Amino acid sequence: MQLAHPRTGDLFTSPVPPGSGWPGDPASPVTPQAKTAAQVRRLAARASSVDELDALVSVCRACPRLVGWREEVAVAKRKSFADQPYWGRPAPGFGAEAPRIMIVGLAPAAHGANRTGRVFTGDRSGDFLFAALHRAGLANQAVCVDAADGMQLIGTRMAAAVRCAPPANAPNPAERTTCAPWMAAEWRLVGPSVAVVIALGTFAWRAALDLIADRPKPAPKFGHGATATLTTAHGEVTLLGCYHPSQQNTFTGRLTEAMLDDIFTTAKSLGSLGNEPGGR
């Protein structure tokens with residue numbers, strides 16, 4: 001059954017076939033699909049641009065449990081979104097292609113990015129995060145609800161360490177390992193411009209450390225506001241820890257607006273980032 005996109009009105013099935021016109025879809029019907037971990041490694045290694053990488057990520061089918069779950073959610077839907085099509089595919093990175101700040105999260109939300117097709121878009125975690133980015137001058141608008149809403153990031157890019165929505169928001173170790181080459185390829189392509197990596201939570205902190213060949217020993221520990229200076233092939237990068245903007249953290253006050261604002265203020269300062277033109 002086809003349903004209308006909430007902004008464009010175009011009709012789509014759930015999950016959305018690649019190249020069918022979904023806003024921001026980087027893939028085409030002939031984009032190669034990785035169906036095994038080995039294929040992920042091979043395709044990620046040969047990606048020569050951010051656009052190519054995003055397309056490859058968006059059609060990946062290498063983890064059967066995650067594919068089954070994300071597509072089941074896309075068909076069953078949440079009651080409040082029952083009249084909408086769901087993306088139901090992996091969520092590629094989003095933002096500037098030569099960022100000064102890189103934000104790393106855990107995985108897409110089942111009814112957020114798995115519905116909208118854009119990382120951190122369409123759920124309360126994203127609402128909290130994008131509002132803070134806008135206050136910091138790192139996004140052109142505060143409200144981020146779908147992939148056609150005009151959102152742009154300024155000198156900033158964001159990506160999830162695992163690209164598919166996992167059951168109970170918990171990818172297993174094999175799935176994390178299988179997905180890791182996508183993040184490694186993204187770092188290879190955008191890392192030369194990055195000065196600050198913001199890790200949203202412990203898993204994102206570890207994923208960010210895994211990208212760095214010369215990590216400090218002992219490995220720096222995650223904490224909100226914790227920093228570590230990492231030596232990369234592109235020069236020194238500051239890793240900055242931040243509690244994840246999950247509803248559990250924001251509703252309980254573990255992460256407040258002021259705390260998140262401080263993180264982005266610090267990141268802008270460390271990255272010497274002014275009001276550059278936005279990314280996509």
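No disulfides are counted in the predicted model. C60 takes part in none, and the cysteine sulfur nearest to that of C60, belonging to C164, is 6.3 Å away. A disulfide requires two cysteine sulfur atoms within 2.5 Å, so the pair C60 and C164 does not qualify. C242 is likewise in no disulfide; for this residue the nearest cysteine sulfur is that of C144, at 17 Å. C60 has a relative accessibility of 9% and therefore counts as buried. C242 is also buried, its relative accessible area being 0%.

The protein chain as a whole contains 9 helices and 8 strands. Its radius of gyration is 18 Å, close to the 19 Å given by the globule rule for 280 residues, so the chain is as compact as a globular protein of that length. Along the principal axes, the C-alpha atoms occupy a box of roughly 50 × 40 × 35 Å. Buried residues make up 55% of the 280 in the protein chain. Among contacts in the chain with a separation of 6 or more, 68% are between residues 24 or more positions apart.

The area exposed by the protein chain is about 11800 Å², of which carbon and sulfur atoms supply 53%. The charged side chains comprise 28 positive and 22 negative ones, and the centres of these two sets are 6 Å apart.

S58 belongs to helix 2, which covers residues 50-58. With a relative accessible area of 0%, S58 is buried, because the cut-off for that class is under 20%. When neighbours within four places in sequence are set aside, the contacts of S58 are D25, P26, A27, W87, R89, P90 and P92.

Several residues were examined for their backbone geometry. Most peptide bonds are trans, and most residues other than glycine have a negative phi. The peptide bond joining S14 and P15 is cis, with omega about -5°. P15 is located in the loop that runs between strand 2 (11-12) and helix 1 (37-46).

Positive phi values are found at K77 and A168. K77, which is not a glycine, has a phi of about 65°. The position of K77 is in the loop between helix 3 (64-76) and strand 3 (94-95). The relative accessible area of K77 is 16%, so this lysine is classed as buried. A168, also not a glycine, has a positive phi of about 55°. The loop that holds A168 lies between strand 5 (156-160) and helix 6 (173-190). A168 has a relative accessible area of 75% and is therefore exposed. The two positions thus fall into separate classes, K77 being buried and A168 being exposed.

Helix 6 includes A184. This alanine is partly exposed, with a relative accessible area of 38%. A184 and R41 are 143 residues apart along the chain, and their C-alpha atoms are separated by 9.7 Å.

Conventions
Residues numbered from 1 in each chain as written. Predicted model: local features only at pLDDT ≥ 70, side-chain atom pairs only at ≥ 80, totals over all residues. Heavy atoms only, no water. Helix = DSSP H or I, 4+ residues; strand = E, 2+ residues; numbered from the N terminus. Rg over C-alpha atoms; globule rule 2.2 N^0.38 Å. Buried < 20%, exposed > 50% of the residue type's maximum accessible area, 1.4 Å probe, protein only. Contact = heavy atoms within 4.5 Å. Areas by Shrake-Rupley, 256 points an atom, 1.4 Å probe, with all protein chains shown as cover. Lys, Arg positive; Asp, Glu negative; His and termini not counted. Charge placed at Lys NZ, Arg CZ, Asp CG, Glu CD.
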